[in-house]
Amino acid sequence: MIYEEMTNNIRSVCEKLLNSNDVEVIVAYRGGGVEGMQIPYFAKTPEDVQNIEWGDRCYQNIAPYVHGLSKKVGILAKPCDARILTQYITEQQIKRDDVYIIGVDCVGMVDENGDPRPGCPDCMVRKPPIYDEYIKDDRVDSLDLSPPASEDGGLEANFERFRKEIDKCIMCYACRQACYGCYCKTCFIDRDLPDWQPAEIDAGTKMTFHMGRTMHLAGRCVECGACEASCESGVNVRYIIKEVTKFIEDEYGYSAGMDPEQVPALLVNKFDDREVGFLGGETHG
Amino acid sequence: MADPAVMISKAEILKMLAELMKDATVFAPASNGKKLDYMPVRNVEDIVFGDDIPYKSPKEIFFPRTEKIITFKDGDAEAEISTEKYVLFGARPCDLEALDIMRKVFTEGRFKDPFFEERYNNTLIIGVGCVDKKPGCFCDERETDMGYSDKCDLFLGAQGAEDYFQALHLSEKGRETLGRYIDGLRTFQNTGHEFKPAHTLSIDATEEELFDKIDWESLVETCQGCGMCTYICPTCHCFGFKDVDEGGCASRYRNWDSCMFPKFTLHASGHNPREERHERYRQRFAHKYLYVKKNFGAVACTGCGRCVRACPAGVNIKAIAEKIGEDLQ
Ligand code: SF4
Ligand code: SF4
Ligand code: SF4
Ligand code: SF4
Ligand code: SF4
């Protein structure tokens, strides 16, 4: 019921937007044609707007679609998508004025089987941090905030869990492709000089890929869970990434994707940095 | 088909698998901790019965994700051909039909692949029928009968009353296995099984038409290029080689590759004939629905629905095939 009402509100905002010619395309969701799925959708005409749907299955992150688009776009942004857009702005990947953000509250998504979507149960952000238009869901006000994900286990335990997790990994890179932050034209793992990927796809190769990706996301992960959700093998890649996220929050007071004015931790150069993350720097704690 | 049909109970099947485990690796549907997959099982209790389909296909038993195929040493090259014995239990009709397509590709073309062929010949394949279609499955529209496939050594029909299965042996290997492990086989009158697909999804067009008349860019505009669809697909079979120096000798590894990856057709010059994702998806589609059909006589999509369920972008090969059919009208 509530989703129907929100869908109607979203549709009327989108219709106005497309009619005004302020944007050429709106990135949103539609029914997936398969039971229990709502899938990414590009609405281009006012007529297309009737296909747009909002519900508890809109679990894919669609903000990455605006990266690299040269058109003016509108986008339906749930909180993690809005954090991604914020992060793109701080990383100078998109201009704030080129996106029209229809922010929407989110109480959490479920997957096609009705199970909570990875990332949602430990989500700390239920309202979009930036938007041009805002669609409210009253239920978020009464939701308890989840405990921070990284509070469970600690670095060593989570590293151990992660080592076991990657047994299941088939190195398909779906996690990388789904991650907003993996926008390099050529991923390090695909480079030949140096050759990061040994011939045999064994535990070491998998670790090289996942640790490399983790380091490249230091302080950039918005905890959207897309990596884990897109992994058809069921690998929880975030065990290790969330530890790095916590480290950056503790040491540098930076949370990715919350404030478009804040400079990302990795882009700051301070002479009095204790360089705790580096060999030879001051040790943590 | 009246002759080879018998009834066997679940307990007998488990006993048979336990015996087979003594000198073969048994792959069967089991949990990988989170998902159902065809896993090597050491304990029959780990096998998951029921109608769920493993998230990825059993192709890697015959064509592993990574394998060392040749060692070069002192001017000699030695092929590393597996002689291990395998049992694949619980393969679904869509996977069995797909495996047969793989077999054709790897053994009936201009080149024979001994690595695949040996594994295939050393494997006892036991199929199981599906009871219901899962969300995303479209086997019936792809000429796959969810209740039966003869592309195996033994086929178990759907589980019936009191945990009994109708077992059909379809090869000497299958007949011999049943005879060896099951005492007092109860035969039954197999009246056969009828499969009448309502409609068959196929593409009746030339490559040129597919290239020129279809707006691939808008058809797959949401594709993220992850390649998951090809890795879990039961008929995708592309691979690449990598040679490495391993302690005084050189080894050649073969790893899966995917036409959805940007490096798949990247030339040394830097030119890439399939620069864009939609061009890569066009290859995936045309290979399945056109090229394999032309070269081996069967469409390389059995409608297992895996890519439909797995795609993070909602790209649906069935919907795409239908749309192409309409656009070509
Ligand atoms: S973690 Fe999952 S999505 Fe990522 S490469 Fe491994 S199997 Fe693919
Ligand atoms: S690493 Fe995973 S959780 Fe973090 S931003 Fe990327 S996809 Fe989202
Ligand atoms: S293309 Fe998709 S539906 Fe067809 S066989 Fe492959 S995974 Fe299954
Ligand atoms: S070309 Fe693509 S579709 Fe065809 S087998 Fe290879 S990976 Fe699969
Ligand atoms: S079609 Fe879907 S599963 Fe295949 S590469 Fe594109 S996004 Fe990934």
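**Domains, ligand shells and selected residues of a two-chain predicted model**

Chain B is divided into domain 1 (5-71 + 81-187) and domain 2 (207-237 + 259-328), the bounds being those of an automatic or database domain assignment. The structure is a predicted model, in which local features need pLDDT of at least 70 and side-chain atom pairs count only at pLDDT 80 or more, whereas totals for chains, interfaces and linings use all residues. Residues are numbered from 1 along each chain as its sequence is written, while chains are lettered from A and ligands numbered from 1 in the order in which they are written.

The C-alpha centres of the two domains of chain B lie 27 Å apart, and 25 residues of domain 1 of chain B are in contact with 20 residues of domain 2 of chain B, two residues being in contact if their C-beta atoms, placed from the backbone, lie within 7 Å. The side of domain 1 of chain B that touches domain 2 of chain B comprises 12 nonpolar, 4 polar and 9 charged residues; here Ala, Val, Leu, Ile, Met, Phe, Trp, Tyr, Cys and Pro count as nonpolar, Asp, Glu, Lys and Arg as charged, and the others, Gly among them, as polar. Chain A is likewise split into domain 1 (2-142) and domain 2 (149-267), and 24 Å separate the centres of these two domains, taken over C-alpha atoms. Their contact takes 22 residues from domain 1 of chain A and 19 residues from domain 2 of chain A, and the residues on the domain 1 side divide into 10 nonpolar, 7 polar and 5 charged.

Between the chains, 31 residues of chain B are in contact with 27 residues of chain A. On the chain B side, two or more residues each are given by α7 (228-232), β11 (239-246), β12 (249-256) and α9 (306-310) of chain B, where helices (H or I, at least four residues) and strands (E, at least two) are DSSP runs, numbered from the N terminus. By class, this side of chain B has 13 nonpolar, 12 polar and 6 charged residues.

Three ligand shells were examined, a residue being near a molecule if its C-beta atom, placed from the backbone, lies within 6 Å of it. Of the 14 residues around ligand 2, those that come nearest are Cys179(A), Cys221(A), Cys224(A), Ala226(A) and Cys227(A), and the elements giving two or more residues to this shell are α6 (226-230) and α7 (238-252) of chain A. The shell around ligand 2 is made up of 10 nonpolar, 2 polar and 2 charged residues. Around ligand 3 there are 13 residues, of which Cys233(B), Cys301(B), Cys304(B), Arg306(B) and Cys307(B) come nearest, and the classes are 7 nonpolar, 4 polar and 2 charged. The residues around ligand 4 include Cys236(B), His237(B), Cys238(B), Cys259(B) and His287(B); helix α8 (residues 277-296) of chain B gives the most to this shell, with 4 residues, and the shell divides into 3 nonpolar, 5 polar and 2 charged.

The largest nonpolar core has 155 residues, among which Cys14(A), Ile26(A) and Ile75(A) touch the most other members; such a core is a set of buried Ala, Val, Leu, Ile, Met, Phe, Trp, Tyr and Cys residues joined through C-beta atoms within 7 Å. Its largest share, 8 residues, comes from helix α2 (residues 93-107) of chain B. Apart from neighbours within four places in sequence, the contacts of Ile75(A) include Ile26(A), Ile62(A), Val66(A) and Val99(A).

Several individual residues were also considered, with burial assigned from C-beta atoms placed from the backbone: a residue is buried if 20 or more others lie within 10 Å of its own, exposed if 12 or fewer, and partly exposed in between. Tyr173(A), in the loop between α3 (155-165) and α4 (174-178) of chain A, has a positive phi of about 70° although it is not a glycine, and this residue counts as buried because it has 24 C-beta neighbours inside 10 Å. Asp74(B), in the loop between β4 (66-73) and β5 (76-79) of chain B, also is not a glycine and has a positive phi of about 45°, but Asp74(B) is exposed, with 6 other C-beta atoms within 10 Å. Tyr252(A), found in helix α7 of chain A, counts as partly exposed, with 18 C-beta neighbours inside 10 Å.
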